Amino acid sequence: MFANALWVMSGTALLGLAAGVLGTFSLLRRRALMGDVLAHATLPGVVLAYMATGTKAAGPLLAGAAATGVLGVLAVLAITRYSRVKEDAAMSIVLTVFFGIGILLLGVAQRMPGGNQSGLDRFLFGQAAAIVPRDVRLIMAVAAALCLLVLLFYKEFKLLAFDRDFGAGLGFPMTALDLLLSLGVVTAVVIGLEAVGVVLMAALLTTPAMAARYWTNRLSAIVPLAGLFGAASGVAGTLASQVGPRMPTGPLIVLAGSVFFLVSLLAGPERGLLVRLFRFMHARARTRPTQHRLQPQARGGDGA
Amino acid sequence: MEPNGRQDDLPVVVRNLTVAYLQVPALTDVSLALPAGKLIGVIGPNGAGKSTLIKAILGLVPRLSGDVQVLGRSPALARRDVGYVPQRVSVDWDFPTDVLDVVMMGRYGYLGLLRRPGARERSLALEALAKVGMADFAHRPISKLSGGQQQRVFLARALAQDARIYFMDEPFAGVDAATERAIIELLVELKDRGRTVVVVHHDLQTVREYFNWLVLLNARVVAAGPAEQVFTPENLGLTYGGRLGYLPFPARASQAARRSPGGD
C-alpha cells in the first residue's frame, strides 16, 4: 500500500511538473481560460468512450477525453471567428455546454449495468488512489515527452508567446508551433484527468506559472520554477489525500498549488506584496526631507 | 547581389493587391513599386490599411488577390532579408524577459528551428543595443522600460536582424522628442547604408523632414513617389477626405505648426 502511494506520488509529481512547464507558455500566451474549457470539455469524451468500449482502462477513456477536449477548443475558435460572439462568451458557452453534456452522460452511464462500479465519477475531481501502476507509467512517459518538447522548442515557444507576428516575419512556422503547443497542453490535461479531474485540471496549468512569476523576471527561470511548484503541489496533494479514504486528490493538489501562489504573492522578491510595501515605505521615507524643506515657507504663509 | 538589376532597384513590387478582413476590404487594388535605398513614409488616416499593407508585404495576412514580390521573390522566401518592427503596443511588455533577450530574437531567423542563441548572438545583440543608446539596459527586465525605451529595444531587435529592407509600424508613436530624434537618425543611417526603410507615419508635420519617398494610402494608393512631388495639398485632401482640419502648408508649417499634434 505504501509502495503504491509512493508510486502514485511520483506520477502526480511528474504531472505537476509537465503542467507547470507547459502552463507557463499558455498563460503567457493568454490562453489560461482555454485550458479550463479544454479540461471541462473532456468529460463527455471520457463517458462516451466508456459507453462505447465498456472498459475503464485509461487508454480508451483518455483518447475519448482528448477527442472532445479538442472539439471544445475548436468550437470556441469557430464561434469567435464566424459569429459576433466574443471569445470570453464563446468560452463560457462551450465550457458549460460540454460539461453539461458530460454530467448528463455520466448519469446515463451510471444507470447502465455495471455502471455504478465504473468509477467514472473519479474523473470529476480526481482520485489518485485509483491510479494503477500502468497509468503512472503512462503519465511519466508523457510528462517526460512534454518537458522534452518545451526544452527543444523553448526559443520558438517564447517567440510565439511574446511576439507571434515578428516570429512569422522571421519565417518561423508560427501556426504549426501554436498547434504544437496547444497539442502539448491537451496532452497534459488528459494525463492529469485521473489524478486531478476535469473540474480543476486547468488550475494546475496556470497556478504554478502565476506563482513563479512573483520570483523572477526571466522566463528561463520561470519555466523550471513553475515545474517545481507543480511537482510539489502534486506531491503535497497526494500526501494529503492519503489521510482519509476516497479523498479526492484534485482539490488537494490545487489547494497545495494555491498555497504556493499565496506565499509567492506575499513574499515573492520580484513583485510580491511585501516587497512592494517595503519599497513604498522606503521611497516615502526618502522623500520626506524635501517636504520638511518646504514646510517653513508654508508655515510662514499660515502665520501671516 | 541579384543578377537582375531591377530587383535591386525596386526591392518591393506590389501588383493589384486586395486584402479584406471579414469581408471588409482593407486594401483595394494596390499597386506599388518601392525604390531601394530610400526612407519611405506610408501615410494615411486611421483605418487606411497602412499596417495591413506592411503585413501583406511581409506575408502575414492572407491576400484576396494580387501579387507581392520582395527582392524578386515571394515574401515567404525573402523573410531573412526583411526586418519588421511591429507596433510597440502589439506585445505584452510585462512578459518575463530582459532587453538583451528580446534583441537576440532578431537573430532567431539565422538560427532556424531548435538551435539555441549563443555568444555570437549575444555580442550582435549588444552591438545593436549600443546603436540605439541602450547598452546599459541589456539586463533590465522589459517590464521596467519607458515607452521610448521599448521602441528603442524593438529597433535594436530589427538592427540585430541586419536586413536589407525594414518595415516599421509607427515607430514614433508615444515616444518623447529625444527618442524620436534618435530613431530618425538611425533610420537615416540605415538608408545611407543602402537599406530600404518603410515607415508607417502619423505626424504630417514631420513628413517632409523625415522621408524622401512617400506612399499616400487610403484603402487605395492615392499617390506614391518622391516626397517633393506627391506631398501636395491636393493629394492630402484626397487621402484624408476632408477630415484634415488643417494642412501643413505652406512653409509656415515647417516651424510653427510643430506644437500641434499629428494628423489623426
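Two strands pair if DSSP finds at least two bridges between them. With that idea in hand, we can look at this predicted model, in which B:Leu214 has B:Gly225 in β9(B) as its bridge partner. Chain A has 13 helices and 0 strands, whereas chain B has 11 helices and 9 strands. Let's walk through each chain, and then see where they touch.

**Chain A as a whole**

- Reading along the sequence of chain A, you meet the pattern α-α-α-α-α-α-α-α-α-α-α-α-α.
- Its C-alpha atoms fill a box of roughly 95 × 50 × 40 Å, taken along the principal axes of chain A.
- Of the 304 residues in chain A, 48% are buried.
- Among contacts in chain A with a separation of 6 or more, 73% are between residues 24 or more positions apart.

**One helix of chain A with two faces**

- Helix α6 of chain A covers residues 133-152, which is 20 residues.
- From its first C-alpha to its last, α6(A) reaches 29 Å, close to the 28 Å expected at 1.5 Å a residue.
- Which residues of α6(A) are buried? They are A:Asp135, A:Val136, A:Ile139, A:Val142, A:Ala143, A:Leu146 and A:Cys147.
- These buried residues lie on the same side of α6(A), because they cover an arc of only 140° around the axis.
- A general rule helps here: an α-helix has 3.6 residues a turn, so residues three or four places apart point the same way.
- On the face of α6(A) turned away from the buried side you find exposed residues, including A:Pro133, A:Arg134, A:Arg137 and A:Leu151.

**Chain B as a whole**

- Buried residues account for 44% of the 264 residues in chain B.
- If you take the contacts in chain B between residues at least 6 apart in sequence, 69% of them join residues at least 24 apart.

**The sheet of 3 strands in chain B**

- This open sheet has the strand order β2-β1-β4, with antiparallel pairing.
- Strands β2 (24-34) and β4 (65-70) of chain B stand at the edges with a single partner strand each, so one side of each has no neighbour in the sheet.
- On average, neighbouring strands of this sheet are turned by 25° against each other, direction ignored.
- Strand β1 (residues 12-21) of chain B runs antiparallel to β2(B), and 7 bridges join the two.
- You can find B:Ala20 opposite B:Pro25 in β2(B).

**The sheet of 6 strands in chain B**

- Here the pairing is mixed, and the open sheet has the order β5-β6-β7-β3-β8-β9.
- At the edges stand β5 (82-85) and β9 of chain B, each with a single partner strand, so one side of each is left without a neighbour in the sheet.
- From one strand to the next, the twist averages 15°.
- Helix α2 (residues 50-58) of chain B packs on the sheet, touching β3, β5, β6, β7 and β8 of chain B. The direction of α2 makes about 150° with that of β6(B).
- Helix α6 (residues 147-161) of chain B lies across β5 and β6 of chain B, and runs at about 175° to β5(B).

**A closer look at strand β8 of chain B**

- Why is β8(B) (residues 213-218) described as largely enclosed by the rest of the structure? The reason is that 5 of its 6 residues are buried.
- On one hand, β8(B) pairs with β3(B) (residues 39-43) in the parallel sense over 4 bridges, and B:Ile40 stands opposite B:Trp213 in β8(B).
- β8(B) is also joined to β9(B) (residues 220-226) by 6 bridges, and these two strands run antiparallel.
- Besides the pair named at the start, B:Leu217 has B:Val221 in β9(B) as its bridge partner.
- β8(B) and β9(B) form a hairpin with 1 residue between them, and B:Ala219 in the turn has a positive phi of about 65°.

**One residue to find: B:Lys131**

- B:Lys131 sits in helix α5 (residues 119-131) of chain B.
- B:Lys131 counts as partly exposed because it has 17 C-beta neighbours inside 10 Å.
- Leaving aside neighbours within four places in sequence, B:Lys131 is in contact with B:Ala156, B:Leu159 and B:Leu186.

**Where the chains touch**

- The contact takes 19 residues from chain A and 21 residues from chain B.
- On the side of chain A that touches chain B, α7 (154-162), α8 (164-169) and α11 (219-241) of chain A each supply at least two residues.
- The residues on that side of chain A divide into 9 nonpolar, 4 polar and 6 charged.

Key. Residues numbered from 1 in each chain as written. Chains lettered and ligands numbered in written order. Predicted model: local features only at pLDDT ≥ 70, side-chain atom pairs only at ≥ 80, totals over all residues. Buried ≥ 20, exposed ≤ 12 C-beta atoms within 10 Å, placed from the backbone. Contact = placed C-beta atoms within 7 Å. Nonpolar A, V, L, I, M, F, W, Y, C, P; charged D, E, K, R; others polar. Axes fitted to C-alpha atoms, helices over the stretch in contact; angles between N-to-C directions. Expected span 1.5 Å × (residues − 1). Arc of directions from axis to C-beta.
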